[in-house]
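User: Hi, I am new to this structure and would like to see how its terms are backed up. Could you walk me through it?
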Amino acid sequence: MAFDVEAVRAEFPILQRQVNGEPLVYLDSAASAQKPKAVIEAMTRAMEHSYANVHRGLHTLANETTEAYESARRAVAGFIGAGEDEVVFTKGGTEAINLVAAGLGARLGAGDEIVLTQMEHHANIVPWHFLRERLGVVLKFTPVTDAGELDLDAYRNLLGPRTRVVALSHMSNVLGTVNPVMDMTRMAHEAGALVLIDGCQSIVHQPVDVKAIDADFFVFSGHKLYGPTGIGILYGKAERLADLPPYQGGGEMIGEVALERITYADPPHRFEAGTPPILEAIGLGAAIGWLNGLDRRAAAEHEHRLYQRTIKGLSGANWLRIIGEAPGKGAILSFTMEGAHAHDVAQILDRYGVAVRAGTHCAEPLMKRFGVTSSARASFGLYNTEAEVDAFVEALNKTQAFFA
Ligand code: PMP
C-alpha cells in the first residue's frame, strides 16, 4: 500500500477551509488532530440511528449501543495488542494517568520514590505531585540532554530499592524525542518498580504493542489519534488492574451495593463509573478502523519526510533555535525565534493561514531545562503535505521579517 496524501486529505472536511483568506495549513496536530469522515459519520450514525445508554438495557437500541461500545473496546485492544479486559475507557490521557496515580497512591507512603523525567507533560507530573503533597512520596526526574534525549545513565542511577513507580512519556510533545521505553521498562522492573508509559504522542505515529513494551500501564487520548475529544485509554496488565482500587464510585462499577457494604465489578468496568463517553468511544473505534486501513509505516515515513523538508527549508535561518534534535525523533518542531515572543510568532503565522501552537506546551520543567519561557511548535499529521511545509517555511521567513 502506497501512501496517497491527497486521498487522505479528502477524508478530512476541515482541511478544505481557509483561514484569513489563505488555505489552512494545520500544524497543530500534537495538540489535537483533525477528524476524518469515518469518525464524524460513525458518531452521527450512532446518534441518528442507534443510540441509548449502555449495559443496562433490555431493548434493541441499548443492546446495539452496548455492542458498538464494546466493539470499540475490542478495536482499541487489537490496535495495541492488549486483552479486551485490559482496556479501560477514560475521558482522556490525563484522566487515565490520574486514575493510576490515585490507585497506586493507596499503596504508597512517605519516602517511597517515583521516577519521572524532565520532559513530561504536566499530565504526567501533577498527579504524582499530588502523592508527594499527600503522602510524602519523593519525586525524582531523569534529566534531559542538550539534544533532547533522556540521560539513561542518570536514569539507571535514580532507580533504587525505594523506587515504586516509573512514569515516562513514550514520545515528547515538545521535543519529538522517542524514548527507549522497552529498555527503560525492563530496568524499572529489575528495580521492582511498576511502569506507566504516557503514549499520548507515540500512539499517533508508530505501531504500539503494549505486550512487547511490557509496561504495567500505557495511556493515550483519542483526540490526537484522529478520534474525538472526551475519550482516552488506560491499558493495564490484567493483574495490575485487578490490584488497583476503583477511582470513582457510581453506577456500572459495582458488583453489589448494600447499605452496609459494597463489592466492585471486575476490570475494566470497575474503572468506568457512571455513563461512559459512549459516542466518543464509538468515534475512537472508527478512528482506529480508519487508521487500520492505511499503511501506517508509509504514513510515518511521509511525516518523517515532511519534518526533514522543514529542517532543510529552515537550514539557513540563523534566527531560529530548534529545541529537540534527538536522532529518530518524530515530526514535531519546537523552536524560538530571536527577538520574538512565541505567541507573536504564532499570531503572525496565523495571518498566513498557518496554525502552530505556542507557549509552554504544558511542560514547564522542560522549558526551564532549555532556558526558555515558551516556544512555538509545528507538529505534523499524516494529512500534511510538502506544499504545506513550503508554505510554513515561507510564512516563517515573512514572520521573521517583522522582527528583524
Ligand atoms: N501527555 C502528552 C505527552 C501529551 O502531549 C498530552 C496532550 N498534550 C497529554 C499527556 C494530555 O492529554 P489530554 O490533554 O488529551 O488528556
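Analyst: Happy to. The C-alpha centres of domain 1 and domain 2 lie 29 Å apart. This is a predicted model, where local features need pLDDT of at least 70, side-chain atom pairs count only at pLDDT 80 or more, and totals for chains, interfaces and linings use all residues. Residues are numbered from 1 along each chain as its sequence is written, and side-chain values use heavy atoms, with hydrogens and water left out.

User: Where do the two domains run?

Analyst: Domain 1 covers 41–292 and domain 2 covers 295–403; such bounds come from an automatic or database domain assignment.

User: How many residues of each domain are in contact?

Analyst: Contact means heavy atoms within 4.5 Å, and 31 residues of domain 1 are in contact with 28 residues of domain 2.

User: What makes the pairing of Asp-198 with the ligand a polar contact?

Analyst: For a ligand, the term needs a pair of N or O atoms within 3.5 Å. A side-chain N or O atom of Asp-198 is 2.5 Å from a ligand nitrogen, so the pair qualifies. His-223 also fits, with a side-chain N or O atom 2.7 Å from a ligand oxygen.

User: Which residues surround the ligand?

Analyst: Among them are Gly-93, His-121, Asp-198 and His-223, where near means a heavy atom within 4 Å.

Key
A polar contact is a pair of N or O atoms within 3.5 Å; within protein, one must be able to donate a hydrogen and the other to accept it, and residues adjacent in sequence count only if both atoms are side-chain atoms.
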